[in-house]
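Open your viewer, get the mouse ready, and take this tour one selection at a time. At each stop you will hear what to pick and what to look for.

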Amino acid sequence: MVDVHLRGIVKKFGHTIALRGIDLDVEDGEFVVLLGPSGCGKTTTLRIIAGLEKPTKGKVIFGNRDVTYLPPRERNISMVFQSYAVWPHMKVYDNIAFPLKIKKVPKEEIDRKVKWAAELLQISDLLDRYPHQLSGGQRQRVAVARAIVVEPQVLLMDEPLSNLDALLRVKMRSELKKLQRRIKVTTIYVTHDQVEAMTMGDRIAVMKDGKIMQIGTPTEIYHKPANMFVAGFIGSPQMNFIDVTVSEEADGLSLVSEDFKIKLPPDIAELVKQYTGKTLVMGIRPEHIYPEGFAPSNVKRTVKISGVVDFVEALGSDTIIHLNTGSRIIVVKASGTYHTNIGEKLNVELGLDKIHIFRKDTEEAIL
Amino acid sequence: MTRKSGESIPLSIKISNYVPYLLLLPTLAYMLFFIGYPLVEGVALAFFDEQGHFTWANVNYLLYDPGSLFWDALKYTILLAAVIIPIQVSVAFGLALLFNAKFPGKNLALYTVILPLTISDVAAGLIWYVMLGQYGFFNKLLMDLGVISHPIIFFGIKNMEFLAIVMTEVWRATAIVFVIIFAGLQMISHEYYEAAEVFGATTWQRFRYIIFPLLLPSLQAALIIRTLFAFQIFGVVWTLAGRDIPVLAGEAYYAQTTLLRPGVAALYALIIAALSVSVGAIYIKFFKAKYLEAGM
Amino acid sequence: MSNEKILTSRGDIIRYYTYRIILAGLVIIAVVWIALPFIMTILYALADPAQYYDPHVIIPTSYTLKHVNQLLILGAYQATINSVIVALITIGFSFLIGLPAGYAFARYRFRGKDSLKLFIVALRMFPMMVIAVPLLVLYFKLGLADTLVGIGLAHTSMALPFVILITSSIIAGVRVDYEEAAMVFGLSRIGAFFRVTLPLALPGLTAAAIFTFIMSWNEVFIAAVLSFQNRTLPAFILNLIAGSTDFIKFAGAFIMVIPALIFVFIAGKYLVRMWGITLK
């Protein structure tokens, strides 16, 4: 196994710049997810790690070996493609055995390893079939079996679950994660699905426009987003963003908007002091806003806002309330048992320990 | 922060940027040698004598020699195209619409219709020579049915030979036009007609406002290809009428093989090329907007 | 759709069947129009002359291979072999040269790609007969005049644009992922092409080869100009018919038509698609 380092990777396709300087360190045996909307450069990054593309600038380093310009076959990697790329003219067995045959592994060992991988992915009874006789989920397992059979130093996965139906996707999510823990292979996984990223990744690199916006554990990404993009991209429904002005009053600093005034405790006040008189953006997730009286007992500091219910989405487990405060819509995620009707007046409480504060110009997080 | 990256890129990677050009190189070299060079050599043959001096001899032969059938050849080549192409395009269009319907035995019928595409024009000429001869199937059938009392003589009479050539060419090359239009028709999603049907369009309206506009690029492509090929008409004419109906390619062949005047043959060939290129250019200019929008 | 429509009124039923009958009638007319000349050519080429000259025998009952044999002995046999050799040479050269170009168009993005492709597309419509006469001058210098290789090389320049466009379309039809997966799992790009892309493209490439064969097999002008003794079948027949009897002409048609029937029989479906690709 090996650690992977990207140093200042830039990639241009003609005049379009796909990657604008990617730095990434993946530790040995770590599962890192590249997450971002389509066109953010995550797949290009993966293809550069694979050697399927060459960077315009920058270095790819495996361990202490510079592999930037090595062809894929000399990198000791494996890849699961979005389309699976299970070769249609070979049986399942031959698909899985192919990488080993290329490496001239003895026949008995090939057989043993193919059976081991098939066992692991529960496709032992499919080995004799052709890919067109398989379902999408089965083909996906073949692609994974083929990828792990060579015992690669680095396993790359490009949206491997995106072509599966929702139920199977949830199942494969945990299976892939367990598999990775078991064989302890350094894994880089590309997805646009934040739930996949949060549940599978040891760390997540959130990308946008060819740049990494933040790298961190799922908890860090969720609780301490580095900027408004990450804060908005992670979490569902999306975080509420509210423009606030920092105002200085006799008893200290406050954040003021049309709907509320939040008196800041000294620790936070210290952070925003330099922005006094300026506009900042306050962010709060819908799950940290509670209908009045429903705040959990450990939430001590709250501020109250009132409004009229504009729209309700009853999802069963949760009830999503769109609250019209008169100047904006605030989205609230309440428990599924909570019931309200459109047009009703409603008071909600914002959990003050959970607010985020961003600069309006750079969108970077202050808190 | 790092060294200038240009220095550290290995040579093999720099070369790999040129791989597509290397892959195309044999093609370009071949075309230069087998098309570019002959074109230049063709001009030399037509306009220069063996000592390398410019000469009008071949042009003069073409225009003024009593043995030259140049103006007739030009006339008949264009006339044949003008008569044959409209018939081909309309028949092929009708056939394509017909084959867009579902019916049992469709594939067999389709293969039959494209059969003439696989034979040479010489063979097509001979097939219709068999059909239209004095004792050919056509005459025997009509006489047996009592439609005519004497066989219709096609060969040896100029106008009838012209007719025979038209019949043969329509039979032979309609399939090319058909295949292009049919391919275009199959690319039009059935949902388009069905959507039109849902909104209450009649069959005629569906044709007029849905199928026809979407098919226009294919029709134009077919028209260009057919026209350009029409200037090369040779085998059918040569087998059915010889030089009774002179055409440009036939005269080139005659000049080369019988007169043994390669200069004249080369001149004819250049005229065919010039005609093709200019008509092709006119078509493309004329159709350009829609042709390009269709991404073809 | 109309098959499944529930027919409600008498009028609908009548209209539906009228439509089906007209459709069937038109299809039959089209098929007969195309097929009948083929059938009659085969029958008349093999007919006993006495029956042919009898105005009342439309469909002969007595057949002979005499004329076909006569034509074969006159040189059609050798010419057929020549045609096959020329066609195989054409396939060999045009694929050797055209396949890499087709691959480049299918798999790479590079500067000038669009114009180069447009050039190939335009070239496909260029009247290749133009090159025949000057080429003969060159062939005399190179010792290629009246050789099958010479004709094959000329046919290659005619077939090349088609081969490039067809192979590029066929290779583009094989997902690039298959090739990239092979590269990830241990092959070079060339290795991946031969081990993965080529096997997957093989049915299409075979059809393309048949297509090329037909092009060369049917070409007459270039072949007739470039050869004097070693003629291909169409050139041989073109040269022969001027002074021969009707039966020799019929036999000529017969010999040339038979391969066409075989080709359509084995590759009809692919051929329709090929023509669709190359002529568009």
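Start with chain B, and colour domain 1 and domain 2 separately: their centres, taken over C-alpha atoms, are 38 Å apart. To make the selection, use residues 1-39 for domain 1, and 56-121 together with 174-293 for domain 2. Keep in mind as you look around that this is a predicted model.

**Stop two: where chain C meets chain B**

Now show chain C next to chain B. How many residues of chain C are in contact with chain B? There are 91, and they meet 85 residues of chain B. Between them, the two chains bury about 8,000 Å², and carbon and sulfur atoms give 81% of that area. If you search this interface for salt bridges, the rule finds zero. Polar contacts do turn up: 14 residue pairs, counting pairs with both residues at pLDDT 80 or more.

Next, select residues 246-279 of chain C, which form helix 11. This helix gives the most to the side of chain C that touches chain B, with 17 residues. Try colouring that whole side by residue type, and you should find 70 nonpolar, 11 polar and 10 charged residues.

**Stop three: inside chain C**

Hide chain B for a moment and stay with chain C. Select residues 2-52 for domain 1 and 73-279 for domain 2. Their C-alpha centres lie 34 Å apart. Where the two domains touch, each one brings nine residues to the contact. About 750 Å² is buried between these domains of chain C, with 89% of it from carbon and sulfur atoms.

Which three residues of domain 1 should you click on here? Pick C:Ile42, C:Ala45 and C:Tyr52, which supply 51% of the area that domain 1 of chain C buries against domain 2, more than any other three residues. Between the two domains of chain C, the count of salt bridges is zero, and so is the count of residue pairs in polar contact with both at pLDDT 80 or more.

Show helix 1 (10-45) and helix 2 (49-52) of chain C as well, since each supplies at least two residues of the side of domain 1 that touches domain 2. Helix 1 gives the most to that side, with five residues. By type, the side of domain 1 that touches domain 2 divides into eight nonpolar residues, one polar and no charged.

**Stop four: one arginine up close**

Staying in chain C, zoom in on C:Arg107, which is found in helix 3 (residues 66-107). Is C:Arg107 buried or exposed? With a relative accessible area of 14%, C:Arg107 falls under the 20% cut-off and is therefore buried.

Show the side chain of C:Arg107 as sticks. It makes a polar contact with the side chain of C:Glu179, at 3.0 Å. A polar atom of the C:Arg107 side chain also lies 3.3 Å from the backbone oxygen of C:Ile171. Leaving aside residues up to four places away in sequence, C:Arg107 touches several others, among them C:Ala172, C:Val174 and C:Thr197.

**Last stop: chain A**

Finally, select chain A and view it as a cartoon. You can trace nine helices and 20 strands. Rotate chain A to see its extent: the C-alpha trace spans about 80 × 45 × 35 Å along its principal axes. Of the 367 residues in chain A, 53% are buried. Among contacts in chain A with a separation of 6 or more, 66% come from residues 24 or more positions apart.

How values were computed. Residues are numbered from 1 along each chain as its sequence is written. Chains are lettered from A and ligands numbered from 1 in the order in which they are written. Side-chain values use heavy atoms; hydrogens and water are left out. Domain bounds come from an automatic or database domain assignment. Contact means heavy atoms within 4.5 Å. Buried area is the accessible area (1.4 Å probe) that two parts lose on being put together, summed over both. A salt bridge is a side-chain nitrogen of Lys or Arg within 4 Å of a carboxyl oxygen of Asp or Glu. A polar contact is a pair of N or O atoms within 3.5 Å; within protein, one must be able to donate a hydrogen and the other to accept it, and residues adjacent in sequence count only if both atoms are side-chain atoms. Helices (H or I, at least four residues) and strands (E, at least two) are DSSP runs, numbered from the N terminus. Ala, Val, Leu, Ile, Met, Phe, Trp, Tyr, Cys and Pro count as nonpolar, Asp, Glu, Lys and Arg as charged, and the others, Gly among them, as polar. Buried means under 20% relative accessible area, exposed over 50%, partly exposed in between (1.4 Å probe, protein chains only).
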